[in-house]
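Me: Here's a model I'd like to pick apart. Can you walk me through how its labels are earned?

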Amino acid sequence: MPAPEPRRTHHVTDVLVVGGGPSGLALAAELSVRGLSVRLVAPHPPIPFVPTYGAWWDELPAWAQACAAQVWTDVRVYTSGKPTPLLRPYALLDNARLLGALLARAGDGLCWTQGTVRTTVRAGDLWQVQGAAGETWSARVVVDAAGHGGILRPTRFDGGAALQTAYGIVARFERPPSPPGAMVWMDYRAAHLPRQAVRAVPTFLYAMHLGGDRYFVQETSLIARPAPTQETLRARLYARLAANGTPPHALEADEWVVFPMNAPAPQPGPVLAFGAAAGLVHPISGFQVAGALADAPRVAQAVARALRRGEDAAAAGWAALWPPERRAAREVHLLDLAALLALPGDGLPAFFAAFFRLPAPEWHAFLAPHTGVGALARSMLRVFVQVPPRVRWSLARVAAQQPGVSLRALRAARMKAASGSSHPSPAAVGHPGAMTNPNPETGDIDQQEVIEEGMQGATGNVNADGLAPDVDRQEKLAELQENLSEVSGERQSP
Ligand SMILES: Cc1cc2nc3c(=O)[nH]c(=O)nc-3n(C[C@H](O)[C@H](O)[C@H](O)COP(=O)(O)OP(=O)(O)OC[C@H]3O[C@@H](n4cnc5c(N)ncnc54)[C@H](O)[C@@H]3O)c2cc1C
């Protein structure tokens with residue numbers, strides 16, 4: 001258990017973490033394990049996290065797998081009448097167990113302080129962090145893990161926040177609202193709704209059988225701007241249940257989900273951001289928890305080493321979290337997100353039907369936190385080729401709106417294709433710091449160059465279309481059209 005707060009005089013700690021969610025606590029625990037004194041400030045005491053957290057079983061660190069409340073091996077999606085089995089176990093986390101495991105790992109090095117952080121100022125070698133009740137805490141390093149958007153390093157969402165929203169209930173059912181024993185990751189069937197409504201507001205069912213007659217069922221809008229309201233999603237959920245003849249008969253709890261999906265890779269700064277505050281939410285799935293648990297040791301290691309050496313610990317933590325490959329990949333993921341936002345809602349089932357027809361390692365990698373640009377782009381190209389023409393047209397139009405990003409992604413995709421493997425390399429998927437060497441002998445594209453170009457978006461040196469200001473836009477558009485035509489076998493005229 002964390003040491004209690006003994007008095008109002010506040011001793012200096014090595015690190016102050018703002019936020020007691022899974023990310024802040026995971027990082028605090030890893031810092032403490034490395035011998036650092038850590039203060040975690042949150043408005044609440046250590047209580048189990050509130051949201052219903054799900055994760056791919058294989059993305060959870062081994063210790064966190066032991067914190068699963070339930071694991072399903074029958075995991076499906078429905079993009080049409082027939083289910084697609086995903087053959088990938090999915091876990092529901094037991095938040096009390098997760099909290100207990102993190103607190104146990106943190107041990108005595110962690111001091112959990114109840115309070116609300118307002119601001120922080122630098123005074124010599126130390127940060128003075130100020131609380132809403134007039135407290136001042138001193139620390140050598142400050143981490144903003146205050147959740148989506150952050151508090152000390154607020155995120156700027158390009159074009160406004162694109163939100164994932166969902167309304168879910170835990171309830172008892174006389175008739176199963178989803179297949180017993182199964183987890184339904186995505187059910188886009190919507191025969192009960194007018195086509196126009198689906199086109200305007202596409203939503204799907206996310207459902208878990210919790211045992212007996214208990215189910216968690218949630219109507220979800222994957223990404224939207226503007227997002228549907230809680231009332232709309234609630235009405236959608238009940239309409240779906242009524243149409244299936246499976247109304248709930250005993251409601252135990254409900255949940256409203258809303259968070260932004262389109263955070264860019266943050267810039268380095270004097271305060272280190274982590275978790276949702278660092279934009280670690282995956283821009284396509286909305287997942288974050290498993291990734292943050294896995295990232296925490298690496299980031300803590302970098303911070304601890306820098307503090308020992310008297311170096312800039314916030315910069316070291318940022319570099320460990322956002323290697324160039326990951327920043328470049330974020331740019332491509334944001335392009336994919338823009339493509340999904342632009343797609344008429346009734347095109348989403350066809351998109352995901354093609355997505356889940358990808359070889360399993362590819363779609364796993366696409367949804368993973370550390371996959372490189374080349375692998376992402378190759379997966380998207382395969383989807384692009386397989387979707388119906390009206391969906392392909394919509395995707396091509398968005399690609400043409402951001403020709404700089406699209407061309408960099410295509411180049412990265414072609415580079416790996418030239419090297420002969422059809423699967424993302426383990427290095428690209430699993431090790432964010434790893435980069436493939438250029439191959440001057442074969443004339444392959446220099447991946448380092450692609451990554452550096454890819455980082456232009458992250459450093460702000462591009463226009464909204466992803467091009468440097470001095471680039472010939474028409475020339476780039478023509479190049480992009482040619483590339484897309486090659487891939488799809490059709491003439492594209494975006
Ligand atoms: C309802 C819901 C369901 C979700 N489901 C999933 C899921 O199934 N799987 C998944 O991977 N992701 C999911 N997400 C997305 C994301 O992973 C979560 O939002 C996750 O909680 C983010 O973790 P975090 O620790 O970064 O931030 P948070 O969990 O938001 O924690 C932020 C912490 O900072 C504290 N705080 C805020 N302001 C201050 C302040 N000024 N001073 C001090 N403390 C402050 C808060 O009290 C809290 O303790 C879900 C999100 C929501 C909202």
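Reply: Sure, starting with a helix pair: helix H6 (residues 289–309) and helix H7 (residues 313–321) pack at an angle of about 150 degrees, with axes 8 Å apart. Helices here are DSSP runs of H or I with at least four residues, and strands are E runs of at least two, numbered from the N terminus. Axes are lines fitted to C-alpha atoms, for helices over the stretch in contact, and angles run from 0 to 180 degrees between N-to-C directions. This is a predicted model, where local features need pLDDT of at least 70, side-chain atom pairs count only at pLDDT 80 or more, and totals for chains, interfaces and linings use all residues. Residues are numbered from 1 along each chain as its sequence is written.

Me: Why is H6 called roughly antiparallel to H7?

Reply: Angles over 145 degrees count as roughly antiparallel, and the angle of about 150 degrees makes H6 roughly antiparallel to H7.

Me: What makes the ligand lie between domain 1 and domain 2?

Reply: Domain 1 (13–70 + 90–155 + 266–321) and domain 2 (163–260) both give residues to the shell around the ligand, so the ligand lies between them. The domain bounds come from an automatic or database domain assignment.

Me: Which residues come nearest the ligand?

Reply: Of the 33 around it, Gly-19, Gly-21, Gly-147, Gly-275 and Gln-288 do; near means a C-beta atom, placed from the backbone, within 6 Å.

Me: What makes the peptide bond from Arg-225 to Pro-226 stand out?

Reply: Most peptide bonds are trans. The one from Arg-225 to Pro-226 is cis, with omega near 5 degrees. Pro-226 sits in the loop between strand S15 (214–224) and helix H5 (230–243).

Notes. Parallel < 35°, antiparallel > 145°, perpendicular 65-115°, else oblique.
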